[in-house]
Amino acid sequence: MSLLSDPTLLGHVDDYLNLGKEADASDIHLSVSSPPTCRRYGVLLPMWENAPKLTAQDTESLVKGFLDEQQWQRLVDHGDVDFAYNNASGRFRTSVVRQRLGYDLAFRIITSNLRTLDELGMPHQLKLLTQYHNGLVLVTGPMGSGKTTTLAALVQEINLHRGDHIITLEEPIEYIIPSARCQVTQREVHTHTKSFAAALRGALREDPDVIMVGEMRDLETIQLAISASETGHLVLGTLHTSNAPRTLDRLLDVFPADQRDQIRMMVSESLRGIVSQQLIPKADGMGRAVAMEIMLNSPAIGNVIREAKTFMLPGIIQTGKKAGMILMDESVAELYRQGIITAEEALYRAENKTEMRIVIGA
């Protein structure tokens, strides 16, 4: 990809962001000792030919050119700052960090239009997860796998079809969700509250029906989320895990050993489902396709959680196709069979390489 062929650098972050949007990039990176780069369909590329490497002075000038006083002070005090940045062309999830060589900037381009589950082509099972009035729904996957987009679509599904109070806790707020049939309250960590845990404690006093937690990253947040899901709230949250067994292990391992039996019991009863996803470059080079693992709670799954036998979950998911469950490898294999992704990508993404080689005939 190359929109320019110029040995000079651009003067303001907006110039880079506008260029990235024109190129249909998902992320823009402005780092010391590297040329300006962007991620397009999952691949990191120079933004244009002959671009010089950014110096520490270049990135510091860019940082000072768009941070406000409060954001700059947080960067000075803490060494990093995360927030949503707006300009004339859109919204960007922004991270600025201080590192050994200077300041680095990373921007995620936020698609401004809030899409529904139907518009995203999501399976019908995801709509079923929005019909519960309590419990825990987890959307998981690595960074850049579309978790935020899926989570926003789940919230929008509730917003359009129920009459509840929805509170979202995010860092930063990405999709703006106007109230429809529901009352929607969006709070940003570090802007409106100091932490996810503090925001979650506050949310429970605001008469919510549905709480969306942008990231369940520590013991207190996870503990509060599980408790809220048990006390009449539907809690939607995310974790950086790749499948259902790893999600449950991550969820439980943050607790002290003497509490885990009790937490397993709570999770086995309150969990409604786990959706794990990843984005895979398409064979035609035009965009990425979503591969998705779906686990819906059942008596068999609840029993496995209580007995700490999460290694048995793939087998249960595999036999639960009629209930709408699917393993990640099955989703990847189906994308390959439909010609959407290449054999190389299918094999690279597979958990079970041996089985995937049979699928692709390798």
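This passage walks through some backbone features, one serine and one strand in a predicted model.

A good place to begin is the backbone geometry. The peptide bond that joins Glu171 and Pro172 is cis, with an omega of about -5°. Pro172 belongs to the loop that runs between β8 (165–170) and β9 (183–188). Strand β8 will come up again below, in the pairing of β10.

Positive phi values also deserve a look. Ser33 is not a glycine, yet its phi is positive, at about 70°. This serine sits in the loop between β1 (27–30) and β2 (37–40). Its relative accessibility is 40%, so Ser33 counts as partly exposed. Ala308, again not a glycine, has a positive phi of about 55°. The loop that holds Ala308 lies between α11 (299–306) and α12 (313–318). With a relative accessibility of 40%, Ala308 is classed as partly exposed, because the buried class is limited to values under 20% and the exposed class to values over 50%.

Next comes a serine in another loop. Ser145 is located between β7 (135–140) and α6 (147–161). Its relative accessible area is 2%, and Ser145 is therefore buried. A polar atom of the Ser145 side chain lies 2.7 Å from the backbone oxygen of Pro142. When neighbours within four places in sequence are left aside, the contacts of Ser145 are with Gln277, Gln278 and Leu279.

The last stop is strand β10, which spans residues 210–213. Both of its faces are covered: Val210 and Met212 are buried on one side, and Ile211 and Val213 are buried on the other. As for its partners, β10 pairs with β8 in the parallel sense, over 4 bridges. Here Met212 in β10 stands opposite Thr168. Strand β11 (residues 234–239) also pairs with β10 in the parallel sense, over 4 bridges. Within this pairing, Ile211 has Val235 in β11 as its bridge partner. To get from β10 to β11, the chain passes through helix α8 (residues 219–230), and the resulting β-α-β crossover is right-handed.

Taken together, the residues of β10 show how burial and pairing can be read side by side. Met212, buried on one face, is placed opposite Thr168, while Ile211, buried on the other face, is bridged to Val235.

Terms used
Residues are numbered from 1 along each chain as its sequence is written. This is a predicted model: local features need pLDDT of at least 70, side-chain atom pairs count only at pLDDT 80 or more; totals for chains, interfaces and linings use all residues. Side-chain values use heavy atoms; hydrogens and water are left out. Helices (H or I, at least four residues) and strands (E, at least two) are DSSP runs, numbered from the N terminus. Buried means under 20% relative accessible area, exposed over 50%, partly exposed in between (1.4 Å probe, protein chains only). A polar contact is a pair of N or O atoms within 3.5 Å; within protein, one must be able to donate a hydrogen and the other to accept it, and residues adjacent in sequence count only if both atoms are side-chain atoms. Contact means heavy atoms within 4.5 Å. Two strands pair if DSSP finds at least two bridges between them. A crossover is right-handed if, with the strands pointing away from the viewer, the path from the first strand over the helix to the second runs clockwise.
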